Amino acid sequence: MSETNTVRGPAIASRVGLLLAIAISICFVTGYLSFLIQHSHGWVPWPTRPVWLYSFTQGLHVITGVASIPLLLVKLWAVFPNLFQKPIIRSPLHAAERGSVAVLVGAMIFELFSGILNAAQWYPWAFFFPPVHYAVAWVAVGALLIHIGVKLPEIRSALAERDVDPARRTVLRTAWLATGIAALAVAGQSVPVLRRVSVLAPRSGHGPQDLPINRTAAAADIGEAAQSPDYRLAVVGAGQEKSFTRTDLQLMTQTKATLPISCVEGWSASANWEGVTVRQLLDLVDAPHGREVRVTSLEKNGLYRATTLPAAVADDRLTLVALRLNGAVLDLDHGYPCRLIAPARPGVLQTKWLSRIEVL
Ligand SMILES: Nc1nc2c(c(=O)[nH]1)N[C@H]1C(S)=C(S)[C@@H](COP(=O)(O)O)O[C@H]1N2
Ligand SMILES: [Mo]
């Protein structure tokens, strides 16, 4: 059976491969940005405007990732017989090329599968997801570059071929349709108007005060501390410390802001927040501008119990210690007595149940 006699082959592989390469590139860049915002400790300047910037980049990450699944399946189908060509090893170079394809396919399947499970909030491996997903992404992109480099002449000539025969055209149309449906199925997580068509957008607005909840106060073992009359928010400046009750905070000038919570899992939801600005509190302890600020939760354990605000975020006039949400007192599950909410920031860094704000 020669390749030219079947519908499979370079005509389909190159076209589907091109779109797949574009989707993977967007997915990789947006994923890397998300990593940098979370781990670069502010040396990569991430703007605080527009406020939905992170919702946008992370939405793209999840949409392009999901759209890659049908594309990868069609791509694998198109080249399937090649994967088992005999002899498996013809020369050292050929063996290296075959090896890189094996790594590419394995890494891609791992990335898409682990990403989907994460978006569905099912963590069979719990704690290790982000670093592994991150590391394997580099493996996938490295193998992809080798693969494209090796296949470039073949890709070029296949793409240059104008008349694709009808059977192949049907396969291609089906692939584009499946990709579009897959993208739409998750797009509603971040694009509100698409919510109705989004069957795979699990986080579109369940939870108290019309906002989803990932981690409840019970799950975070917040317990009595949050509702105790002894609750105080400590604010530590340059050699000065003050503490505030929730009532103290409520009596200060309140700022309103409409800001999204944008989870790394791709869902995002906008809400109306009201509270005092972090800068306002820093001024009360004479903290200088232009400094990083450490924000800590009442939560004892947990990966997200503390975060560091880059100076630009700490001083931003929309970075709030929120006391109210959508017109009512912040629900315990949303971070009562108060939570951090800042513009264009990953949800995982929007710390709930605050106990301490400290200038570094
Ligand atoms: N203290 C604390 N704050 C936290 C978290 C947490 O686990 N503990 N989860 C974060 C995550 S991952 C997100 S997306 C946002 C919103 O999460 P929620 O849906 O649990 O409110 O809060 C963030 N703040
Ligand atoms: Mo999150």
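Which side chain has an N or O atom 3.3 Å from a nitrogen atom of ligand 1? The views below, taken from a predicted model, begin with that contact.

**View 1. Ser297 and ligand 1.** The side chain in question belongs to Ser297. One of its N or O atoms sits 3.3 Å from a nitrogen atom of the ligand. On its own, ligand 1 would expose 520 Å². The protein buries 97% of that area.

**View 2. Backbone contacts of ligand 1 at Asn214 and Arg215.** A polar backbone atom of Asn214 lies 2.5 Å from an oxygen atom of ligand 1. At Arg215, a polar backbone atom is 2.7 Å from a ligand oxygen.

**View 3. The shell around ligand 1.** Ligand 1 is surrounded by 17 residues. The closest are Asn214, Arg215, Glu299, Gln350 and Lys352. Sorted by class, the shell holds eight nonpolar, five polar and four charged residues.

**View 4. The largest nonpolar core.** This core numbers 31 residues. Leu233, Leu249, Leu281 and Val321 have the most contacts inside it. Several elements each give two or more residues to this core. Among them are strand 1 (233-236), helix 7 (278-284), strand 7 (320-325) and strand 10 (354-359). Strand 5 (293-297) and helix 8 (311-314) contribute in this way too.

**View 5. Val321 and the residues it touches.** Leaving aside residues up to four places away in sequence, Val321 touches Leu233, Gly275, Val276, Val278 and Leu281. Val321 also touches Cys338, Arg339, Leu354 and Ile357.

**View 6. Another core, apart from the largest one.** This core has 22 residues. Ala13, Leu104, Ala107 and Ala143 are among them.

Definitions and conventions
Residues are numbered from 1 along each chain as its sequence is written. Chains are lettered from A and ligands numbered from 1 in the order in which they are written. This is a predicted model: local features need pLDDT of at least 70, side-chain atom pairs count only at pLDDT 80 or more; totals for chains, interfaces and linings use all residues. Side-chain values use heavy atoms; hydrogens and water are left out. A residue is near a molecule or strand if one of its heavy atoms lies within 4 Å of it. A polar contact is a pair of N or O atoms within 3.5 Å; within protein, one must be able to donate a hydrogen and the other to accept it, and residues adjacent in sequence count only if both atoms are side-chain atoms. Accessible areas come from the Shrake-Rupley method with a 1.4 Å probe; for residues, only the protein chains shown count as cover. Ala, Val, Leu, Ile, Met, Phe, Trp, Tyr, Cys and Pro count as nonpolar, Asp, Glu, Lys and Arg as charged, and the others, Gly among them, as polar. A nonpolar core is a set of buried Ala, Val, Leu, Ile, Met, Phe, Trp, Tyr and Cys residues joined through side-chain atoms within 4.5 Å. Buried means under 20% relative accessible area, exposed over 50%, partly exposed in between (1.4 Å probe, protein chains only). Helices (H or I, at least four residues) and strands (E, at least two) are DSSP runs, numbered from the N terminus. Contact means heavy atoms within 4.5 Å.
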